[in-house]
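Got the model open? Let's walk through it together, one question at a time.

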Amino acid sequence: MAECTVEASVVSVVSVEIAVGGHELVVVGTDGLRRALDANLLWAECPSAAGRARRIRGLDKRPPDRLTIVAAQEIGTYGVNIAFSDGHDRGIYPWSYLATLAARPQLEDFLHN
């Protein structure tokens with residue numbers, strides 16, 4: 001697994017790891033909780049200019065088939081750059097944005113309650 005870290009005082013996300021197989025990015029919070037974010041969600045919600053333009057124009061939001069995360073590289077104390085198997089590697093996800101995505105209810109939240 002690739003791992004990136006940031007000081008806990010900056011935001012509530014302290015590290016991310018690419019899960020085996022690259023289908024998820026595991027976000028670790030200051031509370032020690034680990035939350036998996038699906039590669040498809042991260043691709044669809046990419047904060048890059050191309051991702052924003054795709055959403056504003058109402059273009060197809062479906063990620064490519066068999067999409068995986070191939071790399072996650074820390075960008076200073078700001079966030080992490082995620083590269084996907086379709087070649088898209090322009091999205092820099094601020095730590096606070098990853099925390100927001102990780103806080104969203106996920107299917108597993110409803111299945112385990």
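**Questions about the fold**

Q: In which strand is Phe-84 found?
A: This is a predicted model, so keep that in mind as we go. Looking along the chain, Phe-84 is found in strand E6.

Q: Is Phe-84 buried or exposed?
A: The cut-off for buried is under 20% relative accessible area. Phe-84 has a relative accessible area of 2%, so it counts as buried.

Q: Which residues is Phe-84 in contact with, leaving aside its neighbours within four places in sequence?
A: Start with Leu-67, which is 17 residues apart from Phe-84 along the chain, with 6.9 Å between the two C-alpha atoms. Leaving aside neighbours within four places in sequence, the contacts of Phe-84 are Ala-39, Leu-42, Trp-43, Leu-67, Thr-68, Ile-69, Val-70 and Tyr-93.

Q: How many helices and strands are there in the chain?
A: Try reading along the sequence: the pattern goes β-β-β-β-α-α-β-β-β-α-α. Count up the letters of each kind and you get four helices and seven strands.

Q: What percentage of the residues in the chain is buried?
A: A residue counts as buried under 20% relative accessible area. The chain has 113 residues, and the buried share of them is 41%.

Q: Which residues touch the most other members of the largest nonpolar core?
A: This core has 23 residues. E2, E3, helix H1 (39-44), strand E5 (69-75), strand E6 (79-84) and H3 each give at least two residues to it, and H3 gives the most, with five. The members that touch the most others are Leu-25, Leu-42 and Leu-98.

Q: What is Leu-25 in contact with, leaving aside its neighbours within four places in sequence?
A: Contact here means heavy atoms within 4.5 Å. With neighbours within four places in sequence left aside, the list for Leu-25 is Val-16, Glu-17, Ile-18, Arg-35, Ala-36, Leu-37, Leu-42, Ile-69, Ala-72, Ile-82 and Leu-98.

Q: Which side chain makes a polar contact with the side chain of Glu-17?
A: Glu-17 sits in strand E2 (residues 13-18). Its relative accessibility is 11%, so Glu-17 counts as buried. At 2.6 Å, the side chain that makes a polar contact with the Glu-17 side chain belongs to Arg-34.

Q: How far apart in space are Val-13 and Thr-100, C-alpha to C-alpha?
A: Val-13 is another residue of strand E2, and it counts as buried because its relative accessibility is 2%. Val-13 and Thr-100 are 87 residues apart in sequence, yet C-alpha to C-alpha the distance in space is 9.7 Å.

Q: How far apart in space are Val-80 and Trp-95, C-alpha to C-alpha?
A: Val-80 lies in strand E6. Its relative accessibility is 0%, so Val-80 counts as buried. Val-80 and Trp-95 are 15 residues apart in sequence, and their C-alpha to C-alpha distance is 7.2 Å.

Q: Which side chain makes a polar contact with the side chain of His-88?
A: You'll find His-88 in the loop between E6 and strand E7 (91-94). With a relative accessible area of 16%, it is under the 20% cut-off, so His-88 is buried. Not counting residues up to four places away in sequence, His-88 touches Trp-43, Cys-46, Ser-48, Ile-82 and Ala-83. The polar contact, at 3.4 Å, is with the side chain of Ser-48.

Q: Is Arg-66 buried or exposed?
A: Look in the loop between helix H2 (49-56) and E5 for Arg-66. Arg-66 has a positive phi of about 55°, although it is not a glycine. Exposed means over 50% relative accessible area, and Arg-66 has 76%, so it is exposed.

Q: Which residues lining the largest pocket are the closest to its centre?
A: The largest pocket holds about 200 Å³ of space. Of the 13 residues that line it, the closest to the centre are Gly-29, Asp-31, Leu-33, Arg-35 and Ala-102.

Q: Which elements give two or more residues to the lining of the largest pocket?
A: By class, this lining has seven nonpolar, three polar and three charged residues. The elements giving two or more residues to the lining are strand E3 (24-29), strand E4 (34-38) and helix H3 (95-103).

Terms used. Residues are numbered from 1 along each chain as its sequence is written. This is a predicted model: local features need pLDDT of at least 70, side-chain atom pairs count only at pLDDT 80 or more; totals for chains, interfaces and linings use all residues. Side-chain values use heavy atoms; hydrogens and water are left out. On a 1 Å grid over the protein atoms alone, a cavity is a set of points where a 1.4 Å probe fits but cannot get out, and a pocket is an open set with protein on both sides within 12 Å along at least five of seven lines; lining residues have an atom within 4 Å of a point. Grid points are joined across faces, edges and corners, and a volume is the space filled by probe spheres set on the points. Ala, Val, Leu, Ile, Met, Phe, Trp, Tyr, Cys and Pro count as nonpolar, Asp, Glu, Lys and Arg as charged, and the others, Gly among them, as polar. Buried means under 20% relative accessible area, exposed over 50%, partly exposed in between (1.4 Å probe, protein chains only). A polar contact is a pair of N or O atoms within 3.5 Å; within protein, one must be able to donate a hydrogen and the other to accept it, and residues adjacent in sequence count only if both atoms are side-chain atoms. A nonpolar core is a set of buried Ala, Val, Leu, Ile, Met, Phe, Trp, Tyr and Cys residues joined through side-chain atoms within 4.5 Å.
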